[in-house]
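Visitor: I would like a close look at one part of this model, the charged and aromatic side chains and how they pair up. Could you walk me through it in one go, with a little of the surroundings as well?

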Amino acid sequence: MSSHRDTASTDSDETRVEALAASDVAEAAFASPASLDTFVPFSDMPACAGRILTLRVAVVGIFCGVLVNASNIYIGLRAGWTTSANVLGAIVSFAILKRASSGFGPHENNIAQTMATASGGMSNVFISGIPALYQLNLLTTPARDFVRLVVLTTIGGYFGLLSIVPRKFASSSHSPRLVPVPSSTLMQNAYVVRKFFTEKAARDLNLVFPSSFATAATIRSMHSAAGGEKLARDKMKWTVVAFVAAMALRVASIFLPNVLWNWHIFAWIAQARLSKNITDFVVAAESWGWVLEWSPAMIGSGFLVDFGVACSFFAGAIFAWGLLGPYLVSAQLAFGEPRSSTDVALPDLISYTAMSDPFSGAEYPSPRYWLLWPGVACTLAVAFLELLCQSSKIWQLVYAAMTALVRKHYRRPSKDSYEYIVIDQGPEPAQTGGKPVAKTDIELWMWLPGLVVVTAAAIVILYSQFNMPLQEAVVALVLSLSMSLIAIQATGATDTTPVNAISKVSQIALGTITRASGASVEAAQRLNLIGAGLTNIGACQGCDLMGDFRVGFLLSTPAHLQYAAQLIGTLVASLVAPAIFLLFATAYPCIVSGDAGACEFPAPTVAAWRAVAVVASTPDPSIPPSSIYFSVAMAVLSGVLVIAKHVVCDAGSSYSWTKPYWPNMMIFGLAFTLPNAQTATTMMLGAVVAALWRAKSLKRFELYAFGVAAGFVAGEGVGGTINCGLSILGFA
């Protein structure tokens with residue numbers, strides 16, 4: 001399992017993680033599922049001994065991360081979200097390295113997945129803000145700007161990493177212990193876990209970090225179970241089969257696209273030359289993009305997301321591209337243009353996806369341009385109101401952190417004041433031979449100098465390379481840190497990282513500042529997107545770091561070694577992500593030109609970022625009035641549903657059982673930003689297959705489905721990357 005960036009809030013993820021953990025526990029013959037308390041370290045983990053940050057771990061972890069990075073850019077440009085490499089890195093590293101050495105243990109396995117997660121990150125900005133910069137002609141070309149892109153990614157990633165590090169984490173070479181101690185003792189203990197990450201506030205805020213817990217439980221089951229190696233080999237086998245099949249299908253599909261990839265069912269019906277009414281209907285359906293696309297990645301995504309999420313996505317596609325879009329054309333509120341029908345041998349097809357002039361204005365908009373604004377309004381309304389509904393919990397988190405700080409430095413502890421903490425018991429004297437024990441926590445010198453250097457470098461580079469004034473640069477960095485904290489809270493509670501939603505907060509804030517300063521529209525748009533890109537990169541790395549530390553906390557892995565793995569992986573990602581984006585932009589220039597009509601990659605998040613940048617920086621953006629009115633209505637409806645869900649489904653409510661059945665308006669609105677219904681249809685197909693598989697055999701589904709899904713997603717992504725190379729060489 002892996003956390004999604006800006007999909008929907010998957011309310012059943014925690015339940016599904018518990019089921020996954022329970023099935024692993026059953027397979028491993030563990031004593032009791034109750035022992036898997038998400039807020040207490042696993043008590044049966046062996047002590048960390050020997051070197052665990054090794055060359056072999058780095059090679060395998062980075063290899064997994066690079067595959068996921070390529071997959072994320074490919075899938076992100078197609079569907080608008082990315083996933084993490086945590087579970088994939090854990091399973092692959094175990095399957096490869098366990099046979100290579102009998103000393104490969106859970107802590108080294110954790111370092112491998114940490115390296116995979118870090119090196120597979122920072123791709124989200126290359127499916128959103130960076131292409132939007134090129135589509136608005138604010139940068140030159142990806143090839144000429146490659147060094148600038150690498151530098152921007154590096155400073156954003158390390159700022160997000162280093163600014164989140166200054167917190168205490170439980171980390172030791174053995175299992176910590178949860179005990180009640182007087183506050184006076186708590187003040188003197190060097191290994192105190194911040195309560196909002198482990199015990200008090202973590203439970204209050206329900207910071208489960210479902211994907212991190214699933215990763216830790218998977219590592220635990222593979223290393224602790226009798227037969228755990230066989231279980232891991234079985235998972236790896238199905239993952240590899242799915243990966244190879246998806247990759248082969250994607251590569252072969254470029255030679256037989258209408259056989260192996262797209263099934264134009266309505267075009268086939270039209271060729272049967274039935275009645276005129278039927279022919280008119282099927283031609284219209286083909287024109288509106290109702291094509292069955294055999295995308296393994298979208299089928300795998302259907303396995304991963306909650307069934308209700310897939311239903312909301314599919315419902316949004318039906319409403320946008322099956323009902324509202326045709327109505328707009330019939331009422332002459334939106335317009336299409338004839339398109340070539342050579343691929344499907346069908347005449348009279350119309351394209352409704354143009355985003356260039358004259359189809360991107362208020363007078364003669366295409367359906368896609370008209371529908372874009374309600375989609376953006378819907379996602380923004382949901383993002384802001386979800387944050388508002390969670391504001392009390394966010395303030396609790398801030399209060400818990402500040403209270404801990406005040407108690408530690410300023411408060412005289414009460415004699416009878418007791419608190420539950422996780423303490424480092426330290427190894428037995430016999431284990432150390434009387435020698436001093438090396439500290440395993442993250443010390444001040446490990447992050448503060450780096451943070452100072454990165455902050456100073458960021459201000460200088462943003463000014464010299466992107467013409468960002470000092471004030472905007474400081475605001476962008478502050479927003480990156482503050483939005484990262486909100487994203488971490490959302491990730492811990494829902495397993496969904498709302499990086500695109502919080503990045504839009506930065507877009508609007510920076511747009512307001514630049515407009516007030518009298519900057520030109522072009523400068524305002526550039527600063528808008530660059531600043532929001534920093535927020536995006538920083539939040540991604542911060543959330544990945546916090547998720548990895550949660551895995552380390554559960555497995556009692558030394559935090560300073562995980563931190564070192566994150567530093568190495570972030571450097572790899574800052575080089576790999578821009579390189580893969582350059583490869584895709586070279587093979588498919590429509591990604592950066594914005595020519596959506598003939599582009600294989602609809603890039604929905606790019607369209608949303610570009611739209612917000614235009615609105616935030618242009619005094620009078622050209623938007624159809626009817627689209628504005630409908631956008632307001634969609635925002636109000638979405639807001640009402642979000643607030644009603646929180647009121648009706650509040651903890652302890654007699655109607656809380658209805659929570660899984662509420663529509664997810666975030667992903668409903670996302671369907672409006674896509675140029676057709678293909679992605680939603682394929683994901684819905686995957687969700688139906690997953691539901692049938694789960695009903696037939698829950699145990700086998702929980703054991704293998706997530707590995708198969710990961711293989712499908714990564715395999716298609718790698719196959720798509722291979723296709724990029726073939727396209728550049730002229731073979732596709």
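Guide: Let me begin with a definition: a contact here means heavy atoms within 4.5 Å. Among contacts in the protein chain between residues at least 6 apart in sequence, 85% join residues at least 24 apart. Please keep in mind that this is a predicted model. The chain is built from 29 helices and eight strands, and buried residues account for 59% of its 732 residues.

Let's start with the charged pairs. The count of salt bridges comes to five, and Arg 78 is a good place to begin. Arg 78 forms a salt bridge with Glu 293, and their closest N and O atoms are 2.6 Å apart. Arg 78 belongs to helix H2 (residues 55-79) and Glu 293 to strand E4 (residues 292-293), so this pair ties together parts that lie 215 residues apart in sequence. How accessible is each partner, buried or exposed? Arg 78 has a relative accessible area of 5%, so it counts as buried. Glu 293 is buried too, because its relative accessibility is 6%.

Arg 78 also has a salt bridge with Glu 716, where the closest N and O atoms are 3.8 Å apart. This pair again links distant parts of the chain, with Glu 716 in helix H29 (residues 698-729) and Arg 78 in helix H2, 638 residues apart. Both Glu 716 and Arg 78 are buried.

For another setting, turn to Arg 526, which forms a salt bridge with Glu 522 at 3.2 Å between the closest N and O atoms. These two sit four residues apart in helix H22 (residues 521-555), so about one helical turn separates them. Arg 526 counts as buried because its relative accessibility is 14%. Glu 522, at 44% relative accessibility, counts as partly exposed. Coming back to the earlier residues, salt bridges with shared partners join Arg 78, Glu 293 and Glu 716 into one network.

While we are in helix H2, have a look at Asn 69, which is found in that helix. Asn 69 is buried, because its relative accessibility is 0%. Leaving aside neighbours within four places in sequence, Asn 69 is in contact with Ser 119, Gly 120, Gly 121 and Ser 123, and also with Ala 573, Val 576, Ala 577 and Ile 580.

Now for the aromatic side chains. A pair of aromatic rings is described by the distance of the centres and the angle of the planes. The structure holds 25 aromatic pairs. One of them joins Phe 335 and Tyr 364, with ring centres 4.2 Å apart and planes at 5°, so this pair is stacked. The two come from distant parts of the chain, 29 residues apart: Phe 335 lies in the loop between helix H15 (307-330) and strand E5 (337-338), and Tyr 364 in the loop between strand E6 (350-351) and helix H16 (367-389). Phe 335 is buried, with a relative accessible area of 19%, just as the cut-off of under 20% requires. Tyr 364 is partly exposed, with a relative accessible area of 36%.

Trp 693 and Phe 701 are arranged in another way: their ring centres are 5.4 Å apart and their planes stand at 85°, so the pair is edge-to-face. Trp 693 is partly exposed, with a relative accessible area of 25%. Phe 701, at 0% relative accessibility, counts as buried.

Aromatic rings also gather in a group: Phe 319, Trp 370, Phe 630, Phe 668 and Phe 672 form one aromatic cluster. Some of these names return where two helices meet. The axes of helix H26 (residues 625-648) and helix H27 (residues 665-673) come within 10 Å and cross at roughly 160°. The cut-off for roughly antiparallel is an angle over 145 degrees, and H26 and H27 are therefore roughly antiparallel to each other. Which residues in H26 and H27 meet? On the H26 side they are Phe 630, Met 634, Ser 638 and Leu 641, and on the H27 side Met 665, Phe 668 and Phe 672. By class, this contact of H26 with H27 has six nonpolar residues, one polar residue and no charged ones.

Conventions
Residues are numbered from 1 along each chain as its sequence is written. This is a predicted model: local features need pLDDT of at least 70, side-chain atom pairs count only at pLDDT 80 or more; totals for chains, interfaces and linings use all residues. Side-chain values use heavy atoms; hydrogens and water are left out. A salt bridge is a side-chain nitrogen of Lys or Arg within 4 Å of a carboxyl oxygen of Asp or Glu. Buried means under 20% relative accessible area, exposed over 50%, partly exposed in between (1.4 Å probe, protein chains only). Axes are lines fitted to C-alpha atoms, for helices over the stretch in contact, and angles run from 0 to 180 degrees between N-to-C directions. Angles under 35 degrees count as roughly parallel, over 145 as roughly antiparallel, 65 to 115 as roughly perpendicular and the rest as oblique. Ala, Val, Leu, Ile, Met, Phe, Trp, Tyr, Cys and Pro count as nonpolar, Asp, Glu, Lys and Arg as charged, and the others, Gly among them, as polar. Rings of Phe, Tyr and Trp (its six-membered ring) pair if their centres lie within 6.5 Å; planes under 30 degrees apart count as stacked, over 60 as edge-to-face and the rest as tilted.
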